[in-house]
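The following exercises are to be worked with the sequence and the structure at hand. Each task is followed by a solution in steps.

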Amino acid sequence: MSLAVEVPWGVILAIKTLVVLAIIPLGALILGYVFLLKMMSHMQSRLGPMDPGGYHGWFQLIGDGIKFLQKEDVMPAEADRRVFALAPLVVVMSTFLVFAVVPAGPRLIVADLDVGVFYALAVSSLSVIGVLMAGWASANKFALLGALRAAGQLIAYELPLLLGVVGVVTQAGTLSLQGIVTAQRDGEIFGWGGIGNPFILTQFVGFALFLIAAQAELTQTPFDMPVAESELVSGYMVEYTGFRFLFFFVGEFGTAFAFAALAATLFLGGWALPGVEGTAADVLGPVVLLVKIMAVSFLIFWVRFTYPRLREDQLQAIAWKFLIPIALVNIIVTGVFKAVF
Amino acid sequence: MAETSPDVSRRTGLVRRLPGVISGLGVTFRTMLQGAVTVQYPHEREDPPTRARGVIALKEENCTVCMLCARSCPDWCIYIEGHKEQRPPRREGGRPRSVSVLDRFDIDYALCMYCGICVEVCPFDALFWSPEYEYSEFDIARLLHDKEQLGVWMATVPEPEPLEPGAQVKGGK
């Protein structure tokens, strides 16, 4: 509105696409370096890579990426070639689509959909199709078993993920992510609006459910049966090498970034910072959001590096016998409070 | 207890284990805040313990070419050659002494398995353990070290630790 230059919509679309395209590998790099290489190492009383790049091994993952690009593109002889090649793209694509609705500022959003939450959770579960494609097309029994486990797990945990968010949606009264951020910013805690009302305070159960389910959706320990390296070698990724493997790797951490961004937006107030309005919020928003994403990611990876792997039946039991009933109760309680107050 | 159905015990087990599950997070968090216990090797080194089995050093003047070490070596990595020489008698009118002179004493560290039997078996204290460990090579053949190199490592052999108080002192001759 206040832009002096009229920018054609095509250029804006191209810029938005490039930014979102850059976010996924960048987010994957940040999470991979900060948490996988550094935090995990320190939790194991070691330092992790220290030499590449000169300062605390910051170049390590970039070097790994370059290494993957040099590798031979091996495809199994029995593989379903087109499906095999397409699978990593589908996985990364689902992550890519999530970022389209995550707001980073009052105007910094690719598309402010009215059904933002619904859309984000729908496209994030597209990755299970990519995983199934990879497992099936690999013509490998480990890959197939891993893919079937992944499918069973992702379907089971899709429910607590969705049901955990319903409480937030009920409280905010909108499905738009931008609307949810605004509702948290303008909210009040018993009449005091100093920091708004981040939904983590009222929807703490929903936040816990969302994080547990996200952990399973990301197939991270303790829910990493699909890639269980000690029994399935590497699950659905077992036949992938080089660039295609890199896609899965970027997809894994990019999706973690996406889920952390969703959790930060839904429960921690997203880009909103108390007292910052207008253009300043557009400038500071991405930074605030990144800090919140890192905080949520810390929780996700902290759990990942602490627990051993569950058994397959335990995994299903936790989803169906504990998380979903808790989520349903949470929805009812939220609804009652919404109606009463 | 034997009457308890496995289903019930599993359910109570999950609740009972919850404190342990949560304290596990505390363990990793505390470990994260403590410093690393590892050593960044090429940049910093730690001192190996005095009795570390790094490399075997040779004190050449003690060796009598008795071949005990070479014969007891499980993988035959010690190569010894020597010859006898006549030396003048110690006392006036005595017999000339016959002395074994060491010509070659090689240890092939590509074969050596660091069992230390040669050090144990040497009757004249000519072989010693040294904590020195940085002698890797790009060519496996260069791991065959001769008696000059083994003698150089003799300088890195630490002094034996002092005996405990009250220990019986050997010898006394």
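**Exercise 1.** Determine what share of the contacts in chain A between residues at least 6 apart in sequence join residues at least 24 apart, and describe the overall form of the chain in this predicted model.

*Solution.*
Step 1. Among those contacts in chain A, 79% join residues at least 24 apart.
Step 2. Chain A has 13 helices and 0 strands, so listing its elements from the N terminus on gives α-α-α-α-α-α-α-α-α-α-α-α-α.
Step 3. A compact globule of 341 residues would have a radius of gyration near 20 Å, and the value of 21 Å for chain A agrees with this.
Step 4. Along the principal axes, the C-alpha atoms of chain A fill a box of roughly 65 × 55 × 45 Å.
Step 5. Of the 341 residues of chain A, 45% count as buried.

**Exercise 2.** Establish how many of the residues of helix α5 of chain A are buried, and state what covers them.

*Solution.*
Step 1. Helix α5 of chain A spans residues 127-137. A residue is buried if 20 or more other C-beta atoms lie within 10 Å of its own.
Step 2. By this criterion, 9 of the 11 residues of the helix are buried, so α5(A) is largely enclosed by the rest of the structure.
Step 3. The buried residues are A:Ser127, A:Val128, A:Gly130, A:Val131, A:Leu132, A:Met133, A:Ala134, A:Gly135 and A:Ala137.
Step 4. Their cover includes α3 (81-98), α4 (116-124), α6 (141-172) and α11 (242-267) of chain A.
Step 5. After α5(A) comes A:Ala139, which has a positive phi, near 55°.

**Exercise 3.** Describe how α11(A) and α12(A) pack, giving the angle and the separation of their axes.

*Solution.*
Step 1. The axes of α11(A) and helix α12 (residues 278-304) of chain A are 8 Å apart, and the helices pack at an angle of about 115°.
Step 2. Angles of 65 to 115 degrees count as roughly perpendicular; α11(A) and α12(A) are therefore roughly perpendicular to each other.
Step 3. The crossing in which α11(A) passes α12(A) is right-handed.
Step 4. On the side of α11(A), the contact is made by A:Ala256, A:Phe257, A:Ala260, A:Ala261, A:Ala263 and A:Ala264. On the side of α12(A), it is made by A:Leu289, A:Lys292, A:Ile293, A:Val296, A:Ser297 and A:Ile300.
Step 5. Sorted by class, this contact of α11(A) with α12(A) has 10 nonpolar, 1 polar and 1 charged residues.

**Exercise 4.** State how many residues of chain A are in contact with chain B, and which helix of chain A gives the most to that side.

*Solution.*
Step 1. In chain A, 11 residues are in contact with 10 residues of chain B.
Step 2. Helix α1 (residues 9-43) of chain A gives the most to the side that touches chain B, with 3 residues.
Step 3. The residues on this side of chain A divide into 7 nonpolar, 3 polar and 1 charged.

**Exercise 5.** Give the elements of chain B in order, and decide whether B:Glu81 counts as buried or exposed.

*Solution.*
Step 1. Chain B has 4 helices and 5 strands, in the order α-β-α-β-β-α-β-β-α from the N terminus on.
Step 2. Of its 173 residues, 11% count as buried.
Step 3. B:Glu81 is found in strand β2 (residues 78-87) of chain B.
Step 4. A residue is exposed if 12 or fewer other C-beta atoms lie within 10 Å of its own. B:Glu81 has 10 C-beta neighbours inside 10 Å and therefore counts as exposed.
Step 5. Leaving aside neighbours within four places in sequence, B:Glu81 is in contact with B:Asp103 and B:Arg104.

Technical notes:
Residues numbered from 1 in each chain as written. Chains lettered and ligands numbered in written order. Predicted model: local features only at pLDDT ≥ 70, side-chain atom pairs only at ≥ 80, totals over all residues. Helix = DSSP H or I, 4+ residues; strand = E, 2+ residues; numbered from the N terminus. Rg over C-alpha atoms; globule rule 2.2 N^0.38 Å. Contact = placed C-beta atoms within 7 Å. Axes fitted to C-alpha atoms, helices over the stretch in contact; angles between N-to-C directions. Parallel < 35°, antiparallel > 145°, perpendicular 65-115°, else oblique. Left-handed = near helix turned anticlockwise from the far one by under 90°. Nonpolar A, V, L, I, M, F, W, Y, C, P; charged D, E, K, R; others polar.
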